[in-house]
Amino acid sequence: VSATDADSGSFGAITYSIGSGIGSLPPVLFSIDQYTGRICTTSQLDRDEGPNHYEFTVTAIDGGGLKSMAYVKVYVDDINDNRPVFYPVQYAASLSTQSLPGTAVLRVSAFDKDVGRNGKVTYRIVSGNLLSLFTLNRDTGECLCANPL
């Protein structure tokens, strides 16, 4: 943040401090350089483990004791730092040897703690389908018979 003061000399010297958020305590995850107004994090922020934004005030005080306050809102972006997790971990299905192509076998499901496009899960068969008997819908996780059994 930056503030200006029309006074000169010591009366024009500005110092900055972080204050409380709206209805909250001063944020401990941020610090401010009292002379430059540069705001930095004091530890790593993780959108998946904490709030998606922080709100607080910054006060600028000149050498004569006059103050001005600014409201600061910091948004925390999501990064792709979580892998999808299947639930359940194992799946089993029984099929008739008379099952036709297009027969639904089962649906797999996974969840990713990331949000937005970072949390979008897509599916694919990575092994065990040498005869191409099954297809897997990449968006829904639905497994179907692709060929007669």
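Partly exposed, the label we need for Leu136, covers residues between buried, which is under 20% relative accessible area, and exposed, which is over 50%. Keep that in mind for the close-ups below, and remember that this is a predicted model.

**View 1. Leu136 sits in strand 9.** With a relative accessible area of 22%, Leu136 is partly exposed, because that value falls between the 20% limit for buried and the 50% limit for exposed. Setting aside neighbours within four places in sequence, the contacts of Leu136 are Val108, Tyr123, Arg124, Ile125, Gly141, Glu142 and Cys143. For a sense of scale, pick out Glu49 too: its C-alpha atom is 32 Å from that of Leu136, and the two residues are 87 apart along the chain.

**View 2. Here's the largest pocket, with a volume of about 520 Å³.** It takes 22 residues to line this pocket, and Val108, Arg124, Ile125, Val126 and Leu136 are the closest to its centre. Strand 7 (104-107) and strand 9 (134-136) are the elements that each give two or more residues to the lining. Sort the lining by class and you get 16 nonpolar residues, four polar ones and two charged ones.

**View 3. Eleven residues make up the largest nonpolar core.** Look for Ile14, Tyr16, Ile18, Phe30, Ile32, Tyr54, Phe56, Val58, Ala60, Val72 and Val76. Two or more of these come from each of strand 1 (14-18), strand 2 (30-32) and strand 4 (53-62). Which strand gives the most to this core? That would be strand 4, with four residues.

**View 4. Zoom in on Phe30, one of the core residues.** Leave out the neighbours within four places in sequence, and Phe30 is in contact with Ile18, Ile39, Cys40, Thr41, Thr42, Leu45, Tyr54, Phe56 and Val74. Ile18, Tyr54 and Phe56, all on that contact list, also belong to the largest nonpolar core.

**View 5. Ala13 lies in the segment before strand 1.** At 41% relative accessibility, Ala13 is partly exposed. Ignoring neighbours within four places in sequence, Ala13 is in contact with Ile61, Asp62 and Gly63. Gly64 is worth finding as well: it is 51 residues from Ala13 along the chain, yet their C-alpha atoms are separated by 8.6 Å.

**View 6. Cysteines, but zero disulfides.** A disulfide is a covalent bond between the sulfur atoms of two cysteines. Why does Cys143 have no such bond? The closest cysteine sulfur, in Cys145, is 7.3 Å from the sulfur of Cys143, which is too far for a bond; the cut-off is 2.5 Å. Cys143 counts as buried, at 11% relative accessibility. Cys40, on the other hand, is partly exposed, with a relative accessible area of 30%.

**View 7. A cis peptide bond joins Tyr87 and Pro88.** The omega angle here is about -5°. Pro88 belongs to the loop between strand 6 (85-86) and strand 7.

**View 8. Ser132 has a positive phi.** Its phi is about 55°, although Ser132 is not a glycine. You'll find Ser132 in the loop between strand 8 (110-111) and strand 9. Is Ser132 buried or exposed? Neither label fits: at 40% relative accessibility, Ser132 counts as partly exposed.

Notes: Residues numbered from 1 in each chain as written. Predicted model: local features only at pLDDT ≥ 70, side-chain atom pairs only at ≥ 80, totals over all residues. Heavy atoms only, no water. Core = buried A, V, L, I, M, F, W, Y, C linked by side-chain atoms within 4.5 Å. Buried < 20%, exposed > 50% of the residue type's maximum accessible area, 1.4 Å probe, protein only. Contact = heavy atoms within 4.5 Å. 1 Å grid on protein atoms, 1.4 Å probe; cavity = no way out; pocket = protein on both sides within 12 Å on 5 of 7 lines; lining within 4 Å. Points joined across faces, edges and corners; volume = space filled by probe spheres on them. Nonpolar A, V, L, I, M, F, W, Y, C, P; charged D, E, K, R; others polar.
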